[in-house]
Amino acid sequence: SSGINAEYGVWKVRYNLRDQLVMTGGSDSKVVLLNVPSLASTDPATEDEEEDKECEQGKEQMREGVLEEYDKHEDSVYSVAWSTADPWLFASLSNDGRLVLNKVSKEIKFSIIL
């Protein structure tokens, strides 16, 4: 179960450079941040299998599904995008013309990278 409310339309889905994070925006005026470790790729530069196993175990400890919901918009969110300069920063744009910048919380960030 992804935790996305199917009652509302989802207009955009974007994955993060840390590719287990997925963000959606839709007609419910919310931006939803999801953890989907099943989508995460393995770093091809890593050759040590033991290190790979430890990284995968760390990713599995964080729950799959909705991590956070952001409700700073008053109208449908029709566009979402991750920053190319900061993998923890993202923007959302709604039909009311509001552009909102948010950051992934430190708790989520540290649970992914540690």
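What is the accessible surface of the protein chain, and which share of it belongs to carbon and sulfur atoms? In this predicted model, the accessible surface amounts to about 7,200 Å², and carbon and sulfur atoms contribute 48% of that area. The protein chain comprises 114 residues, of which 38% are classed as buried. Among contacts with a separation of 6 or more, 49% involve residues 24 or more positions apart.

Two helices and seven strands make up the secondary structure of the protein chain. Their succession along the sequence is β-β-β-α-β-β-β-β-α.

Three strands form an open sheet in the order β5-β6-β7, and their pairing is antiparallel. Strands β5 (77-82) and β7 (99-103) occupy the edges, each pairing on one side only. Averaged over neighbouring strands and with direction ignored, the turn of one strand against the next in this sheet is 20°. Strand β6 (residues 89-94) is connected to β7 by five bridges, the two strands running antiparallel. Across from Leu-93 stands Leu-99, a residue of β7. In general, the strands of a sheet pair through backbone hydrogen bonds, in either a parallel or an antiparallel manner.

At the surface, Phe-110, Ile-113 and Leu-114 together make a nonpolar patch of about 320 Å². One of these residues, Ile-113, belongs to helix α2, which spans residues 106-113. Ile-113 counts as partly exposed because its relative accessibility is 37%, a value that falls between the limits of 20% for buried and 50% for exposed residues.

Terms used. Residues are numbered from 1 along each chain as its sequence is written. This is a predicted model: local features need pLDDT of at least 70, side-chain atom pairs count only at pLDDT 80 or more; totals for chains, interfaces and linings use all residues. Side-chain values use heavy atoms; hydrogens and water are left out. Helices (H or I, at least four residues) and strands (E, at least two) are DSSP runs, numbered from the N terminus. Buried means under 20% relative accessible area, exposed over 50%, partly exposed in between (1.4 Å probe, protein chains only). Contact means heavy atoms within 4.5 Å. Accessible areas come from the Shrake-Rupley method with a 1.4 Å probe; for residues, only the protein chains shown count as cover. Patches are made of residues with over 30% relative accessible area and no salt bridge: like charges are joined within 9 Å, nonpolar side chains (Val, Leu, Ile, Met, Phe, Trp, Tyr) within 5 Å. A salt bridge is a side-chain nitrogen of Lys or Arg within 4 Å of a carboxyl oxygen of Asp or Glu. Two strands pair if DSSP finds at least two bridges between them. Axes are lines fitted to C-alpha atoms, for helices over the stretch in contact, and angles run from 0 to 180 degrees between N-to-C directions.
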